[in-house]
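Trainee: Could you take me through one pocket of this model in detail, with the parts of the fold that bear on it?

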Amino acid sequence: MTFAKVIWFKSLMACGNGLTMCNLAITLADYRGAGFVVAPAGFGKTYLIAEATALSDGRQLILTHTYAGVNALRRKFRILGVNEHQFHVDTIASWALRLCLSYKHTSGWAIERPADNDQWNALYAAVGDLLDHEFVRRIIRSSYVGLYVDEYQDCSISQHAIVMKISRDLPCRVLGDPLQGIFDFGGQQSVDWTRDVEGVYAQVGQLDVPHRWVQAGAGQLGEWLRNVRENLENGTTIDLRRRLPQGVRYVAANAAPQDLQRTQGNTCRYFNCGPGQTIIAIHKGSQEFKAKCHRLSQNLSGRYSSIEEVEGRDMFAFFRRMNTAASNSRRLQEVIAFAGKCMTQVNANLPAGTCRGEAVTIRAATRSPEVARLANEYLDNPSSGRLAELLKAIKGLAQTNVTRADLLNRVLGVLQKHTMHPELSCDEAAEKYQREFRFKGRPVGNLRQIGTTLLVKGLEYDHAIVLDATTLSRKELYVALTRGARTLTIVSTNPVLNPAA
């Protein structure tokens, strides 16, 4: 570590930034082998990576799995004032894809957006072969001086093989928590922590202070979660009837579906918190529960925004339907249907003819006349610019509330890009937008959100509401319980939690 970095480190400690990892950050910055750190949720892993990166000489390659994780790392780097030339943050998938596309002839890879697990597996095999070429290894060595991999428990075996190949040329530090390994790779085998981490890497350290809750003034909640973690690791039950610490609330729910939905809705609707504070309501990570997130947001009239999948399936599906629509009338119908997915009360506040894809005569009694006028203009001469204006006008109606802001904003982003770059087709604009979206990471925009465990893992909020604790597996439960820094509300049909592995 250079003298300048030592001065920076001492000044950071003197400023009282609180969450200083001191010795472990220095150890990681100077580490030249291949090692791992066990990092429970909320114990300061992101801060540790940022601090160690700031103490390192040269540029670090930092890989993770989700765009929420990418965004969290970049935000922490900004807070610590880490020079952006000292790091490159990306997901393993995006980094691998970009490397293969940069050397298409050597990698034999030309697919810009892998569509399924078979294609992703093929991509990882291609990048593994590419990393065996000496010229690529020289590029890696000249581009970076070290590697950090965050959330290592979420690596697939093929991703693990890629990291192992990079570690031939760069010091490799991996951080993770076996209790948070919740991703389903759909046919891809995930790493076994004991075999693939402890059996391959040397342990460099373990985080042991629940900094997330200490920093938020909720130390009792942090200590309770530490005990919950031990229960989950040992397979013992969690009894919510026992005295709970300050900041933890148990809400009993009837198992009947309608009763449960009513309890979930009321718990979210009447949740009170300070101005500017964030809330996340969390469902299980399966496809069934992703749809439940959207429905709950609709039922709450947009008070909470539902988080979308990073892959943008619904966004691409909308543009496919627009491209295959047989007429401008059908396109307008698709637009109104899409608006209805993203907002409440759309059809009820537009002229019936507009909803049918027809031009309407605007009179004094016409509902939402400005929207009707824009819809007429779109029918006469459809363009991305006019479509964006139409969607924004519907959003601006006093009677509508946005429930899927994430999806709506992505579509508006594609339309803006297509308007700015008319040389692109709409499909090409969507692909370009998605590539940039992957690189930038997804910011957390709305203060109140609903998402699944898969979509909120790695994110931090002020308050968390677990919507149905009994549906969660052991690892999903741990992820859900650890999202809120200030308070935790647990809705459950059983006061004793005994989650399956």
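The answer below begins with the pocket and then moves to the cores, sheets and loops.

Mentor: The structure is a predicted model, in which local features need pLDDT of at least 70 and side-chain atom pairs count only at pLDDT 80 or more, while totals for chains, interfaces and linings use all residues. Residues are numbered from 1 along each chain as its sequence is written, and side-chain values use heavy atoms, with hydrogens and water left out.

The second largest pocket holds about 900 Å³ of space (a pocket is an open set of points on a 1 Å grid over the protein atoms alone, where a 1.4 Å probe fits, with protein on both sides within 12 Å along at least five of seven lines; its volume is the space filled by probe spheres set on the points, joined across faces, edges and corners). Its lining comprises 34 residues, and Thr-46, Arg-75, Lys-76, Arg-212 and Glu-460 are the closest to its centre (a lining residue has an atom within 4 Å of a point). By class, the lining has 13 nonpolar, 11 polar and 10 charged residues (Ala, Val, Leu, Ile, Met, Phe, Trp, Tyr, Cys and Pro count as nonpolar, Asp, Glu, Lys and Arg as charged, and the others as polar). At least two lining residues come from each of α3 (45-55), α4 (67-80), α11 (211-215), β12 (461-466) and β13 (484-492) (helices are DSSP runs of H or I with at least four residues and strands runs of E with at least two, numbered from the N terminus). Helix α4 gives the most, six residues.

Helix α3 also appears in the largest nonpolar core, to which it brings the largest share, seven residues. That core has 57 residues, and Leu-28, Trp-224 and Leu-488 have the most contacts inside it (a core is a set of buried Ala, Val, Leu, Ile, Met, Phe, Trp, Tyr and Cys residues joined through side-chain atoms within 4.5 Å; buried means under 20% relative accessible area, exposed over 50% and partly exposed in between, with a 1.4 Å probe and protein chains only). Leaving aside neighbours within four places in sequence, Trp-224 is in contact with Ile-238, Leu-240, Leu-244, Pro-245, Val-248, Leu-488 and Ile-490 (heavy atoms within 4.5 Å).

Strands β12 and β13 belong to an open sheet of six parallel strands, ordered β8-β13-β12-β9-β11-β10 (two strands pair if DSSP finds at least two bridges between them). Its edge strands, β8 (248-252) and β10 (305-306), each pair on one side only. Two bridges join β10 to β11 (448-452) in the parallel sense, and Ser-305 stands opposite Gln-449. In the loop between α14 (287-299) and β10 lies Ser-301, whose phi is positive, about 55°, although it is not a glycine. Ser-301 is partly exposed, at a relative accessible area of 34%.

Elsewhere, all five residues of β5 (172-176) are buried. Cys-172, Val-174 and Gly-176 point one way from β5, and Arg-173 and Leu-175 the other. Strand β5 pairs in parallel with β1 (34-38) over five bridges and with β4 (146-149) over three. Within these pairings, Val-38 stands opposite Gly-176 and Val-149 opposite Val-174. The loop between β4 and α9 (157-166) contains Glu-151, whose phi is near 55°. Unlike Ser-301, which is partly exposed, Glu-151 is buried, at 8%.
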